[in-house]
Amino acid sequence: MPELYIGLMSGTSLDGIDCALVDFNGEKAHLVGFEYQPFQTNIQDLIQKLSKPDALISLKEYGTMDAQLGRLFAETVNSLLAKVSISAAAVQAIGSHGLTIYHAPDAEFPFSLQIGDPNIIAEQTSITTVADFRRRDIAAQGQGAPLVPAFHRAIFHDSTEFRCIVNIGGIANITVLPKHQSEKVIGFDTGPGNTLMDLWIKQQKNLSYDKNGAWAQTGRINHDLVSLLKQDVYFDTPPPKSTGKEYFSLPWIYQHFDPLNYKAEDIQASLCFLTAITICEAIKKHAPATERILICGGGIHNDYLLELIRQHSTCPVESTEQYGAHPDHVEAMAFAWLARQTLNNLPGNLKEVTGALNAAILGGIYPARPLGSLFI
Ligand SMILES: Nc1ncnc2c1ncn2[C@@H]1O[C@H](COP(=O)(O)OP(=O)(O)O)[C@@H](O)[C@H]1O
Ligand SMILES: [Mg+2]
């Protein structure tokens, strides 16, 4: 009997919605279907506006975006189910990450805010929806992030090989998986993934990302500039730690240097190198025994970034694809897995990763409409 769950993920890159239908019946998670729904530019612009630190937005705009995203998430689920001809009744639950508009785990009153109303998702899909995963970990004094390491352990752990999983979304995060299950799993955000490169090419060329790293490759890495950027306090802060695009932002670039003093393509090359080197150095420092690095997330499509990571790693660097999950599917699959944990009353966080005081059952549950006359 299949055990089907859906994961909905929309990360800091604001590129779109990833939706994975996963079967957990069997030893490892098995992908049954996948749908990607890119955001239209007007939605991207609105979310950008909403998620700027100190954004001046009205409660009406906030509520509207919450509802609008809830609908988009539900539509993505429904179109995936139609594509694979599977009925909603066959799916146990949806795990919806939501869209992060502000992540402030180190504030005086720590919080992390994801939107995309799960009431709407449950109502419009007729599937029980689990959402709001991060705030429970924060309530337990954790960072609320990263939450994918427990899933990475479940599918990528190997008792014969010390592995490090690197997810390169807007922000990059790593999960360190020692051979022995008894050894501590470490995981944290290393810093920028694609976000600074995306922001820079948007500002300079009005493109949403640097396809295959082609523009960066026309520039030259300025190592003095990279050294300057690497002095940022985040990189040397010991884990547990997490960050967001409200920190690694366009103002972050301007705070550190004056772009007028450099060629725009050299800045892009240097930002690409910064992402690569901060990932590699984090692995060398916190997981020196790593025997294989497995990459997932959109950053894997940036050939130049991958080349730089390979150049600065001491072990093979590969895609997660040959190891159980396509790199574009991993994060959405993780949220399907997290929903399953929650419905089974099992924790979703790793307290050694997030720094929470305790393991916690994450998320709020928004039940599907039960079948029966009262609810017709
Ligand atoms: N062909 C490509 N070349 C370079 N970068 C790419 C390519 N495809 C995707 N990306 C990068 O991946 C990002 C999306 O990655 P994703 O894992 O979805 O991040 P998030 O989880 O933050 O949404 C894009 O914003 C872009 O920077
Ligand atoms: Mg994405």
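Two residues are in contact if their C-beta atoms, placed from the backbone, lie within 7 Å. With that in hand, a good spot to start in this predicted model is Pro-240. Leaving aside residues up to four places away in sequence, Pro-240 touches Gln-143, Phe-188, Val-353, Thr-354 and Gly-355. One of these partners, Val-353, sits 113 residues away from Pro-240 in sequence, yet the two C-alpha atoms are 5.9 Å apart in space. Pro-240 itself belongs to the loop between α9 (233-236) and α10 (250-256). Even in a loop, Pro-240 counts as buried, because it has 21 C-beta neighbours inside 10 Å and the cut-off for buried is 20 or more.

Next comes the sheet. Five strands line up in the order β9-β8-β7-β10-β11, forming an open sheet with mixed pairing. At the edges are β9 (186-192) and β11 (317-319), each of which pairs on one side only. On average, and ignoring direction, neighbouring strands here are turned by 25° against each other. Strands of a sheet pair through backbone hydrogen bonds, either parallel or antiparallel. For β7 (residues 163-168) and β10 (residues 292-296), the pairing is parallel and runs over five bridges. Arg-163, for instance, has Arg-292 in β10 as its bridge partner.

That leaves the ligand. Around ligand 1 there are 19 residues, and the ones that come nearest are Gly-11, Gly-169, Asn-194, Gly-298 and His-301. Sorted by class, this shell holds 13 polar residues, five charged and just one nonpolar. Both domain 1 (4-145 + 329-375) and domain 2 (149-315) chip in, with at least three residues of the shell from each.

Note on methods
Residues numbered from 1 in each chain as written. Chains lettered and ligands numbered in written order. Predicted model: local features only at pLDDT ≥ 70, side-chain atom pairs only at ≥ 80, totals over all residues. Pairing = 2+ DSSP bridges. Helix = DSSP H or I, 4+ residues; strand = E, 2+ residues; numbered from the N terminus. Axes fitted to C-alpha atoms, helices over the stretch in contact; angles between N-to-C directions. Near = placed C-beta within 6 Å. Nonpolar A, V, L, I, M, F, W, Y, C, P; charged D, E, K, R; others polar. Domains from an automatic or database assignment. Buried ≥ 20, exposed ≤ 12 C-beta atoms within 10 Å, placed from the backbone.
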